[in-house]
Amino acid sequence: MHGPLSLLQYTGACAPGPCSVDRFRAHGDTIAELPHALPDAGILAGSVRDAAQPMSAPPRVALALTGASGVQYALRLLGCLLDAGCHVYLLVSRPAHVVIGMDTDLSVPGRTADMQRFFEQRHADAPGTLEVLGMQQWTAPIASGSGAPDAMVICPCTTGTLASVASGLCTSLLERAADVVLKERRRLIVMPREMPFSEIHLENMLRLARMGAVIMPPNPGFYNHPQSIDDLVDFVVARILDHLDIGQTLSPRWGIEHE
Ligand SMILES: Cc1cc2nc3c(=O)[nH]c(=O)nc-3n(C[C@H](O)[C@H](O)[C@H](O)COP(=O)(O)O)c2cc1C
């Protein structure tokens, strides 16, 4: 029996990369059998999608960076997704581009085609494929329900984009893709970064959570005794990969690897 979510079932070639992302877990046949399975959204979506999409097709994940601090999480996640063999649609808002320049030592080009080359070179050894999309590229597959990605991660997510997505605005490809992912009941993971949160931020998060989105603020745990910033980043990225059903060994699991 074919399971409902191809994200979990994918076992195609994905050489362990620098972030040690495992091959996708070869669990039982259906995600519905797993304790952390999405309740109904993924199952509904997958039953239709499986008929059209071969099981060996790599997962298609939209990764959107917005102009909040913490782009390190997104850059690490991008590498892990490509190492895992995913097809990644990368969206970078203009403010995100500014923040990359301030939060990191990277000189990421601003133009879409140049950014595509930059990240392709940076991840040249990864088996996954990358498609950098412009924020107004309405012809992109992820702008349509029929081309919706299996999952979308907004990481980090500004309070502005949080509000836009919670309100269903579609003034950029990023917002439209999130709207599509919600309406098609695919997986939407949002990493809001602000401190403290106002009532508006909290209400927007609640609104999205009630629609099935997973709200994952960058709150690393310290029980693994992190030794570096990389450890803290990996803790958060590992939890996102878990929610994408992508096997990972970035961070020990409580009560499992500790034994
Ligand atoms: C260095 C820097 C850091 C920022 N950090 C945050 C942040 O952590 N959270 C946030 O919501 N906005 C932050 N902002 C403000 C957003 O970039 C700004 O509201 C922008 O309009 C968001 O647009 P976007 O959501 O389309 O990327 C930051 C801006 C700069 C320049």
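**A tour from sheet to ligand**

Select strand 1 (residues 60-65) and strand 2 (residues 87-92): the two run parallel, joined by six bridges. Keep in mind that this is a predicted model. Zoom in on Val61, which stands opposite Val88 in strand 2.

Now widen the selection to the whole sheet. It is open, has six strands in the order 3-2-1-4-5-6, and its pairing is parallel. Strand 3 (129-133) and strand 6 (214-215) form the edges, each pairing on one side only.

Next, add the helices on the sheet. Helix 5 (residues 112-122) packs there and touches strand 2 and strand 3. Its direction makes about 155° with that of strand 3. Helix 7 (residues 173-183) also packs on the sheet. Helix 7 touches strand 1, strand 2, strand 3, strand 4 (151-157) and strand 5 (187-192). Its direction makes about 135° with that of strand 4.

Move on to helix 3 (residues 71-83) and helix 9 (residues 229-243). Their axes come within 9 Å and cross at roughly 55°, so helix 3 and helix 9 are oblique to each other. The crossing is right-handed. Show side chains: Gln72, Tyr73, Arg76, Leu77 and Cys80 in helix 3 meet Val233, Asp234, Val236, Val237, Ile240 and Leu241 in helix 9. The residues of this contact divide into eight nonpolar, one polar and two charged.

Finish at the ligand. Of the 16 residues around it, Thr66, Gly67, Ala68, Ser93 and Thr158 come nearest. Color helix 4 (94-103) and helix 6 (159-167): each supplies at least two residues of the shell. Which helix gives the largest share? Helix 4, with five residues. By type, the shell holds six nonpolar, eight polar and two charged residues.

Note on methods. Residues numbered from 1 in each chain as written. Predicted model: local features only at pLDDT ≥ 70, side-chain atom pairs only at ≥ 80, totals over all residues. Near = placed C-beta within 6 Å. Helix = DSSP H or I, 4+ residues; strand = E, 2+ residues; numbered from the N terminus. Nonpolar A, V, L, I, M, F, W, Y, C, P; charged D, E, K, R; others polar. Axes fitted to C-alpha atoms, helices over the stretch in contact; angles between N-to-C directions. Parallel < 35°, antiparallel > 145°, perpendicular 65-115°, else oblique. Left-handed = near helix turned anticlockwise from the far one by under 90°. Contact = placed C-beta atoms within 7 Å. Pairing = 2+ DSSP bridges.
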